[in-house]
Amino acid sequence: MLKETFFKIYQKLIFGEAKSPRESFLQDVRVDSFTDRNDTPAEKARKILGQLTLEEKIDFIGGYEWFAVRAVPRLGLDAMWMADASSGIRGVGESTVFPCLVSMAASWNRDLIHRSAAVMAEECRAKGISNLLAPGVNIARVPTCGRNFEYMGEDPYLASEMACSYITGLQENGIVATIKHFAANNSDYDRNKTGSDLDDRTLREIYLPAFEAAVKKAKVLSVMSSYNPVNGVSASENRRLLTDILKNEWGFGGFVVSDWLSCYDAEKPFNAGLDLEMPNAKYMNRKNLMRLMDKGRITVADLDDKVLRILTSFFAVGAYERPIADANAAENGPAHQKAAYDAAAEGIVLLKNDNKALPLDLSQQQMTILVTGSRAKDTETGGGGSSRPVAYRKVSLKDALTERVGQSGKVIYKSSPSAAQMKKADAVVLCVGFSYCTEGEFHDRPWKLSAKDRKLILKAAASQARTIVVLNTGGAVETEEWSGKVPAIVDAFYPGDPSGNVIADVLLGKINPSGKLPFTFGKKWDDYSSVSNYVDKPEKFGLLRITGPAGNRTLRRLKKPFVYEEGIFVGYRHFDTAGIDPAFAFGHGLSYTNFEISGLKLSGGKMKKDGSIEVSVTVRNTGNVDGSEVVQLYISDTESSLPRPAKELKAFEKVFLKAGESGTVKMILTEESLRFYNPSKQGWCVEPGEFTVSVGNSSRNIAETAVFTYGM
């Protein structure tokens, strides 16, 4: 209780209450007085650059008022306001709260993610926001990372596909996207003191692909550096990451922004490739930079490049040429709520459903449903920290079930029900999990549910055969203690505004669940390969770790870094290769209908260099309920000069089928699907030989396989 009270106060102090939309700095001067409407964004940026003084250029690369790129009113440049992010817009009043990103990833639906981001973009324009600080794509290396709910799971390919859809949804609708946190930021245990030490192959194959795809495929306009040092060098001053890889190798044309208060110097981040220091110019300011210029330590040419990158990015989405708040854009409405509901609905994962415990069929009898658990009356919309918007509404599972059941049955809420009360009911629904105070930014959260929740589950299981557990969490938790004793488990994650409504609709069968896990549920903590190089008690509360000053190495000296000794064997790559049975596998998710995947065909038995192979399968809905299935394609390299995982996700498609309907799913494999990073060659390679294609609906439920050769 003390910990939760502290975080409620800390959340308000650090992240503040909702604020009014910002007003324009401009009066009569227009930016098109200095540019031509037919100019490209880069040409417009160069014309503006030519009008800026040296002092204005320096001021421009330091944040303003905590969340803005500075205005230059005399040139018609308004301030470009940013906002946190991922599940909606925080800091400018109430907004539509979408499900957390790990829930969006669980939808495995590219179009749905694009649509969600497009709605967020409209709300951004309406509120005067030009840059949404999302999406987050850090890989779930350990299940207890406090910000895993903000990210897109454990697989780099899935995260890449989902992130690209999110980015294009924002940027096609006039908002700069910022992908974060670059790079290998996989812990919030003590993020300002602990670093990430990993080899090149691990970095390239696991922790960089989503960023690379965002740059090359989605043309993301902004990248945020992370708090953690990477191989001993702080991310904000890591030239290898920010310049050598991001800008030179990948051709990134946007700007690099620091995470808030993650700079420790002026010269190092400037020369490393950081373009914008946030939330203010604590280091990269006039005094420091002009002194460094006088000494020849930094150049005006590099300063110009930073200014051009920022200007070009905002010109690219039309932000400088529209009113700061778009009167034609809606902040909220039925279409926004529908988009959030649909996103939440497709992200919910049915983990277990023995004896058809779900759905609860109200048409069969006057059913009595007993609702209990720590999150039943206060069903959480999202985790804590900078990604937590202020919701227009919040509906508990208790209230949603009560409303929906109505006269068709009876809903009883008890915070501490007796065994007799549970037994008397027709079904017990336990909603358990964490809150924004126990799972969020600045700290890790427990691996296990609270002792009170676990005790209640066991009590219910012993009293009521139809016990349904609903998880209201941001990632994997220990279920082994109780999962075998209950017939049904629903992973609802943090569903955003729809919260209790969408969960209730799944329980009552109004929604046929179609989500698939974007991470692995291990049976035991020690089953995860990464935890042997992590802290023993990640949930341990430390006031100094949470409140200790960021951006101050004198007060917060670096600790020994986390060493990624597990290498590329993270998540299912480890579980499947080592033969460890998970509680619930990566890609797993049940439905109220059944699907059959068959008829695997390859367009050829050989793939040539620079060639491709089309993979097709037939999917049939063999049940009596309409629903969606996700066909997952994994690749295995039969023989390799370096160790490779047993299988790796390389393609997927989600298909909706009516009861009894069949459909054909086609996926394309290319050289990129087969490659691995060879450190000795400092590059990607594909070795000639045999590859196995496996298709199924999880990494452990493979329907059919086929073999082809490459380069032989």
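These are my notebook entries on a predicted model, taken by topic.

**Aromatic pairs**

I looked up the ring pairs and got a count of 23 aromatic pairs. I took Phe182 and Phe211 as one case: the ring centres are 4.9 Å apart and the planes stand at 65°, so I logged the pair as edge-to-face, since planes over 60 degrees apart count as such. Phe182 belongs to strand β5 (residues 176–182) and Phe211 to helix α8 (residues 209–216), so the contact ties together parts 29 residues apart in sequence. I noted both Phe182 and Phe211 as buried.

My next case was Trp447 with Trp525. Their ring centres are 6.1 Å apart and their planes are at 50°, so this pair is tilted. The two residues come from distant parts of the chain, 78 residues apart. I placed Trp447 in the loop between β15 (427–433) and α16 (451–463), and Trp525 in the loop between α17 (499–507) and α18 (543–547). Trp447 has a relative accessible area of 9% and is buried. Trp525 comes out at 17% relative accessibility, which also counts as buried because the cut-off is under 20%.

I also found a cluster linked by ring pairs, made up of Trp108, Tyr157, Tyr572, Phe586, Tyr634 and Phe652.

**Charges over rings**

Which ring does the charged end of Arg110 sit over? I found it over Phe652, 4.0 Å from the ring centre. Phe652 is also listed in the aromatic cluster above. For Lys306, I noted a position over the face of Phe270, at 4.5 Å from the ring centre.

**The five-stranded sheet**

I traced an open sheet of 5 strands in the order β20-β28-β27-β22-β23, with mixed pairing. β20 and β23 (648–657) are at the edges with a single partner strand each, so each has one side without a neighbour in the sheet.

I then went through the pairings. β20 (residues 606–607) runs parallel to β28 (residues 701–710), and 2 bridges join them. Lys606 has Thr709 of β28 as its bridge partner. β27 (residues 689–698) runs antiparallel to β28 with 9 bridges. Thr692 is partnered by Val707 in β28. I recorded β27 and β28 as a hairpin, with 2 residues between them. At the other end of the order, β22 (residues 627–637) and β23 are antiparallel and joined by 9 bridges. Tyr634 stands opposite Leu649 in β23, and Tyr634 is one of the residues in the aromatic cluster.

**Strand β2 and its partners**

Are the residues of β2 (residues 80–83) buried or exposed? I found both faces covered: Met80 and Met82 on one side, and Trp81 and Ala83 on the other, are all buried. β1 (residues 68–69) pairs antiparallel with β2 through 2 bridges, and Ala68 has Trp81 as its bridge partner. β2 also runs parallel to β4 (residues 131–132), again with 2 bridges. There, Ala83 is partnered by Leu132.

**Helix α9**

In α9 (residues 239–249) I listed Leu241, Leu242, Thr243, Ile245, Leu246 and Lys247 as buried. Just after this helix, Gly251 takes a positive phi of about 75°.

**Cavities**

I counted 10 cavities of 30 Å³ or more. The largest has a volume of about 120 Å³. Of its 17 lining residues, Ala140, Pro143, Asn148, Glu154 and Phe519 are the closest to the centre. The lining divides into 8 nonpolar, 7 polar and 2 charged residues.

**Backbone checks**

Most residues other than glycine have a negative phi, and most peptide bonds are trans. I therefore listed the exceptions below on that ground.

The bond from Phe182 to Ala183 is cis, with omega near 10°. Ala183 sits in the loop between β5 and β6 (196–197). The bond from Met278 to Pro279 is also cis, with omega near 10°. I placed Pro279 in the loop between α10 (267–272) and α11 (286–294).

Leu261 has a positive phi, near 60°. This residue is in the loop between β10 (255–257) and α10, and at 29% relative accessibility Leu261 counts as partly exposed. Ser499 has a positive phi too, near 25°. Ser499 is found in helix α17, and at 0% relative accessibility I entered Ser499 as buried.

Definitions and conventions:
Residues numbered from 1 in each chain as written. Predicted model: local features only at pLDDT ≥ 70, side-chain atom pairs only at ≥ 80, totals over all residues. Heavy atoms only, no water. Phe/Tyr/Trp six-rings, centres within 6.5 Å; stacked < 30°, edge-to-face > 60°. Helix = DSSP H or I, 4+ residues; strand = E, 2+ residues; numbered from the N terminus. Buried < 20%, exposed > 50% of the residue type's maximum accessible area, 1.4 Å probe, protein only. Lys NZ or Arg CZ within 6 Å of the ring centre and 35° of its normal. Pairing = 2+ DSSP bridges. 1 Å grid on protein atoms, 1.4 Å probe; cavity = no way out; pocket = protein on both sides within 12 Å on 5 of 7 lines; lining within 4 Å. Points joined across faces, edges and corners; volume = space filled by probe spheres on them. Nonpolar A, V, L, I, M, F, W, Y, C, P; charged D, E, K, R; others polar.
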